[in-house]
Amino acid sequence: MERTEKGPFLEVRVVVPPLALEAVMAWLWDRGAMGVQEDWPGLSDEGPVLSGDPREFSGTELTAPKDKIEIISFFEDIEQRDALCAELNDLLQDISQWCPGAAKATCKTRLLAGKDWVAMSRAHFTPTPIGRGLMVCPPWQRPPEGREVIWIAPGMAFGTGTHFTTAACLVLLEEALASREAARVLDVGTGSGILAIAALKLGAQVALGVDVDGDALEEALANAAQNGVLDRFTVSKALPDPLAGPFDIVLANILAETVVEMAFALRKLLAPGGDFIVSGIIHERAEWVAAAMADLGFAPVRELRDSAWVATWYR
Ligand SMILES: C[S@@+](CC[C@H](N)C(=O)[O-])C[C@H]1O[C@@H](n2cnc3c(N)ncnc32)[C@H](O)[C@@H]1O
């Protein structure tokens, strides 16, 4: 998320019901946000905590109220302050047609000095233990020993490990890889490359990261280099020809609609008995995705969920 130390930056905050989370976050990214964070109020006394705090899926009860989430976003262009708020309020009115609480949301803004932005974004990224043996860590931190470290410098591409959808994928990936030797992995919607890099560090033979966003692919390559796995990692803007397969594991942390749209093509790329790990699905879409996967012959192996998201490992 950190990109520049210049400033000032525009911070836009809005509190929404969980059902509106995905639509508002997608809109903020589309509107040009440099960074978008979720803060589940009450989760910690130490300032904002991202959804995906490891406590949510490593056993400690989530004590925060689950009916409201604050979305904090950052923009470079401070001139658009009023226009952005007006457009966001229009969006919330539209959303309130299917999510009544959204109409009550109000948008708050303030200007941040560049150093505040950098400090804020850095403060969010501390070494994060995930699953049985992984640790996601920004390069300026020193992680405790004992886990396989995935070095990720938070950039513009999605995938720092702190979001539940990513962390849940990592947990399931680690389990799927435990029973496979020299797996070939396809990571669709690779973003920062975090899932593919984790697969390679856990023993996968090769990984292909696919993303429609060319900037994300550059970041994924840089992260792969930082982790010493560049020689086994390739990237592409499009899905490979089925002849390039088969892959033993396919990972897709994308929106529900995209997963369902691509599932048929992805099945053709999977080896018989292959694993397909799907994340990024909001509760309301989970049954729909599961039905589409069942139609294609996939059976669920294991599921992880937090208060907003579902991740499922199919075979
Ligand atoms: C939620 S991020 C996941 C990033 C990372 N894999 C993770 O788990 O943290 C989704 C990524 O999918 C990419 N994406 C969206 N639609 C796509 C599509 N149709 N094909 C490939 N990538 C897509 C986006 O550009 C984004 O980088």
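**Exercise 1. Which residue stands opposite Asp187 in E9?** Determine also how E8 and E9 pair, and place both strands in their sheet.

*Solution.* The model is predicted.

Step 1. Find the pair of strands. Strand E8 covers residues 184-188 and strand E9 covers residues 206-210; the two pair in the parallel sense over five bridges.

Step 2. Find the partner. Opposite Asp187 stands Gly209 in E9.

Step 3. Recall the general principle. Strands of a sheet pair through backbone hydrogen bonds, either parallel or antiparallel.

Step 4. Place the strands. The order of the seven strands is E10-E9-E8-E11-E12-E14-E13; they form an open sheet, and the pairing is mixed. Strand E10 (233-236) and strand E13 (300-305) each have a single partner strand, so one side of each has no neighbour in the sheet. From one strand to the next, the twist averages 15°.

**Exercise 2.** Describe the sheet that contains E5, E6 and E7.

*Solution.*

Step 1. Establish the order. The three strands make an open sheet, ordered E5-E6-E7, with mixed pairing.

Step 2. Identify the edges. Strand E5 (128-130) and strand E7 (148-151) each have a single partner strand and therefore stand at the edges, where one side of each lacks a neighbour in the sheet. On average, and with direction ignored, neighbouring strands of this sheet are turned by 30° against each other.

Step 3. Examine one pairing. E5 and strand E6 (residues 134-137) run antiparallel and are joined by three bridges. Within this pairing, Ile130 stands opposite Leu134 in E6.

Step 4. Add the helix. H5 lies across E6 and E7, and its direction is at about 150° to E7.

**Exercise 3.** Decide how H4 and H5 are oriented to each other, and list the residues of their contact.

*Solution.*

Step 1. Take the angle. The axes of H4 and H5 come within 10 Å and cross at roughly 25°.

Step 2. Classify the angle. Angles under 35 degrees count as roughly parallel. H4 and H5 are therefore roughly parallel to each other.

Step 3. State the handedness. The crossing in which H4 passes H5 is right-handed.

Step 4. List the contact. H4 contributes Thr166, Cys169, Leu170, Leu173 and Leu177, while H5 contributes Ile194, Leu195, Ala198 and Ala199. Sorted by class, this contact of H4 with H5 has eight nonpolar residues, one polar residue and no charged residues.

Step 5. Relate H4 to the strands. H4 lies across strand E11 (247-253), strand E12 (270-282), E13 and strand E14 (309-314), at about 160° to E12.

**Exercise 4.** Carry out a corresponding analysis for H7 and H8.

*Solution.*

Step 1. Take the angle. Helix H7 (residues 256-269) and helix H8 (residues 283-295) have axes that come within 10 Å and cross at roughly 5°. These two helices are therefore roughly parallel to each other.

Step 2. List the contact. In H7, Ala256, Val259, Val260 and Ala263 meet Arg285, Trp288, Val289, Ala292 and Met293 of H8. The contact of H7 with H8 divides into eight nonpolar residues, no polar residues and one charged residue.

Step 3. Relate H8 to the strands. H8 lies across E12, E13 and E14 and runs at about 160° to E12.

**Exercise 5.** How many residues surround the ligand, and which are the closest?

*Solution.*

Step 1. Count the shell. The ligand is surrounded by 20 residues, of which the closest are Gly159, Thr166, Gly189, Gly191 and Asn253.

Step 2. Assign elements. Helix H4 (164-178) and helix H5 (194-201) are the elements that give two or more residues to this shell.

Step 3. Sort by class. The shell around the ligand has ten nonpolar, eight polar and two charged residues.

Definitions and conventions: Residues numbered from 1 in each chain as written. Predicted model: local features only at pLDDT ≥ 70, side-chain atom pairs only at ≥ 80, totals over all residues. Near = placed C-beta within 6 Å. Helix = DSSP H or I, 4+ residues; strand = E, 2+ residues; numbered from the N terminus. Nonpolar A, V, L, I, M, F, W, Y, C, P; charged D, E, K, R; others polar. Axes fitted to C-alpha atoms, helices over the stretch in contact; angles between N-to-C directions. Parallel < 35°, antiparallel > 145°, perpendicular 65-115°, else oblique. Left-handed = near helix turned anticlockwise from the far one by under 90°. Contact = placed C-beta atoms within 7 Å. Pairing = 2+ DSSP bridges.
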